[in-house]
Amino acid sequence: MSDIGLSIANPVDIAYLVTAVLFIVGLRYLSSPRTARIGNRISAVGMLVAVVATLTQDIVNWIVVAAALVVGAVVGIVSAQRVKMTAMPQMVAIFNGAGGGAAALVAAGELVKIYAAGQWPTYDVAFTSVLSAVIGALSFAGSIVAFLKLQELMTGRPVTYPGQQVVNALLLLAILVSWGVVVAGADAAPAFFWIALGCAFVLGILFVLPIGGADMPVVISLLNSFTGLAAASTGFVLGNNVLIISGALVGASGTLLTVLMGRAMNRSITNVLFGAFGALKPAAAGAGAKQQNVRSVNADDVAAMLAYANEVIVVPGYGMAVAQAQHSIRELADQLEKRGVEVKYAIHPVAGRMPGHMNVLLAEANVPYTSLYDMDDINPEFERADVALVVGANDVTNPAARSDTSSPIYGMPILNVDKAGNVVVLKRSMNSGFAGIDNPLFDDPKTVMLFGDAKKSIDSVVSGVKAL
């Protein structure tokens with residue numbers, strides 16, 4: 001009983017318990033856009049408590065720790081202040097990769113320290129060390145590739161190669177065999193640990209290469225769950241409760257989000273891991289006739305169409321993010337509502353380049369949360385809408401997903417914008433979206449195109465509405 005009492009009274013354990021509670025409460029608040037900001041702050045306070053509590057323990061080299069804290073704080077603050085909303089997915093990917101890499105390095109460092117002392121780790125330490133290192137390395141490598149794709153430093157199109165699934169399966173088998181050798185404590189265990197680590201790194205690269213940029217929301221959430229699992233495993237290696245709890249929270253929430261994103265894309269987790277996820281089928285690459293009946297209009301035409309409507313549904317996409325048009329859209333909505341027009345926003349789960357991308361952008365423009373509708377809630381409303389205003393969204397509005405079995409997005413739930421009375425599409429050009437396919441919506445007799453930068457186009461429409 002006395003041992004239990006001492007354990008409970010341990011200030012570090014109490015601090016870690018407070019951190020865990022703050023993380024859970026913060027995560028709960030993050031579930032709604034209305035409370036997301038306070039949830040983020042609560043979680044940040046929890047992390048601060050964890051860091052301070054950790055620094056009260058024995059520190060081998062204060063200079064190294066202090067330098068790491070300063071560098072990390074500077075990079076974090078500068079990045080958060082300077083990053084554009086359009087580059088937020090890249091920032092999430094690179095930070096997530098850093099977390100996975102850190103977990104892998106810590107786990108590797110613990111094993112190397114044991115081997116260097118001429119000892120062999122216990123079964124539990126060996127098992128969790130390899131688990132943490134493998135998942136962390138895979139997450140790090142995959143996140144770097146995701147960053148390069150999103151930053152357009154490499155092609156965002158799927159990169160496939162012959163025997164892709166076989167290669168991935170062989171790498172996974174090599175990891176499992178090496179893992180078993182390390183846990184068994186064979187003489188060659190140190191060498192097999194590095195083999196497992198190297199194979200995991202390569203698998204992380206090859207796993208993300210075949211995934212197209214349009215499918216990055218699923219990849220980002222999946223890699224995020226991997227990093228959480230790596231952190232939790234590292235917590236077992238170090239005997240650190242707060243790492244175990246926080247890693248488990250990240251892993252669980254990331255996994256749930258991955259499942260939800262997969263459903264929104266009509267993808268299975270198996271297809272994500274071993275399929276050419278997002279790759280264009282040879283028969284589908286040229287599927288669909290090129291748009292021949294596109295009707296182009298000017299801003300005044302669109303202004304008149306919107307001003308005399310009863311209900312308008314705005315469909316935001318990545319084009320809105322690139323043009324930073326969310327504030328202009330909010331101004332347009334305000335002008336329309338003054339004229340008695342009902343304005344709603346249709347949010348597809350994978351619109352943009354990461355989960356919740358459109359919600360964040362519209363919240364930045366102070367669009368009321370009550371005006372944002374999920375796909376399942378807004379789809380029945382399109383049939384009653386006079387105008388659907390599509391701002392830079394392409395693949396998530398493509399009717400081919402419902403009818404064209406040769407399309408790579410066939411079966412993906414979409415926003416039913418073609419059911420609206422009229423459709424206005426804002427695009428820079430007739431270039432296809434990230435899926436690389438034509439959109440029959442543009443040929444629909446009800447559809448008109450307003451070409452140009454989304455922000456400038458919306459500003460012109462706002463001026464047109466004011467002039468009526």
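In this predicted model, a nonpolar patch on the surface is formed by Leu-17, Val-21, Val-25, Tyr-29 and Ile-38, which together offer about 420 Å² of accessible area. Helix 2 (residues 11-29) supplies the largest share of this patch, with 4 residues. Val-21 belongs to helix 2, and it counts as partly exposed because its relative accessibility is 45%.

A pleasing contrast to the patch is found at Thr-258, a residue of helix 10 (residues 241-265). With a relative accessibility of 1%, Thr-258 counts as buried. Its side chain comes to 3.1 Å from the backbone nitrogen of Leu-222.

Turning to the strands, strand 2 (residues 342-347) is a good place to begin, being mostly covered, with 5 of its 6 residues buried. Strand 2 pairs with strand 1 (residues 311-316) in the parallel sense over 4 bridges, and also with strand 3 (residues 372-374), again in the parallel sense, over 3 bridges. Tyr-345 of strand 2 takes part in both pairings: Val-314 stands opposite Tyr-345, while Leu-372 is the bridge partner of Tyr-345 in strand 3. Between strand 2 and strand 3 the chain passes through helix 15 (residues 357-364), making a β-α-β crossover that is right-handed.

Charged side chains add a further layer to the picture, with 10 salt bridges found in the whole structure. The side chains of Glu-342 and Lys-344 meet in one of these, at 3.6 Å from N to O. Glu-342 is partly exposed, as its relative accessibility is 39%, whereas Lys-344, at 10%, counts as buried. Both residues belong to a network of salt bridges that also links Glu-311, Glu-381 and Arg-384.

Within helix 5 (residues 88-116), Glu-110 and Lys-113 lie 3 residues apart, about one turn of the helix. These two residues form a salt bridge whose closest N and O atoms are 3.6 Å apart. Glu-110 has a relative accessibility of 21% and so counts as partly exposed; Lys-113, at 54%, counts as exposed.

Another salt bridge joins the side chains of Asp-453 and Arg-428, with an N to O distance of 2.9 Å. This pair links distant parts of the chain, 25 residues apart: Asp-453 sits in the loop between strand 6 (447-451) and helix 18 (454-467), and Arg-428 in the loop between strand 5 (422-427) and strand 6. Asp-453 counts as buried because its relative accessibility is 19%, under the 20% limit for that class. Arg-428 is exposed, with a relative accessible area of 55%.

Key. Residues are numbered from 1 along each chain as its sequence is written. This is a predicted model: local features need pLDDT of at least 70, side-chain atom pairs count only at pLDDT 80 or more; totals for chains, interfaces and linings use all residues. Side-chain values use heavy atoms; hydrogens and water are left out. Buried means under 20% relative accessible area, exposed over 50%, partly exposed in between (1.4 Å probe, protein chains only). Helices (H or I, at least four residues) and strands (E, at least two) are DSSP runs, numbered from the N terminus. Two strands pair if DSSP finds at least two bridges between them. A crossover is right-handed if, with the strands pointing away from the viewer, the path from the first strand over the helix to the second runs clockwise. Patches are made of residues with over 30% relative accessible area and no salt bridge: like charges are joined within 9 Å, nonpolar side chains (Val, Leu, Ile, Met, Phe, Trp, Tyr) within 5 Å. Accessible areas come from the Shrake-Rupley method with a 1.4 Å probe; for residues, only the protein chains shown count as cover. A salt bridge is a side-chain nitrogen of Lys or Arg within 4 Å of a carboxyl oxygen of Asp or Glu. A polar contact is a pair of N or O atoms within 3.5 Å; within protein, one must be able to donate a hydrogen and the other to accept it, and residues adjacent in sequence count only if both atoms are side-chain atoms.
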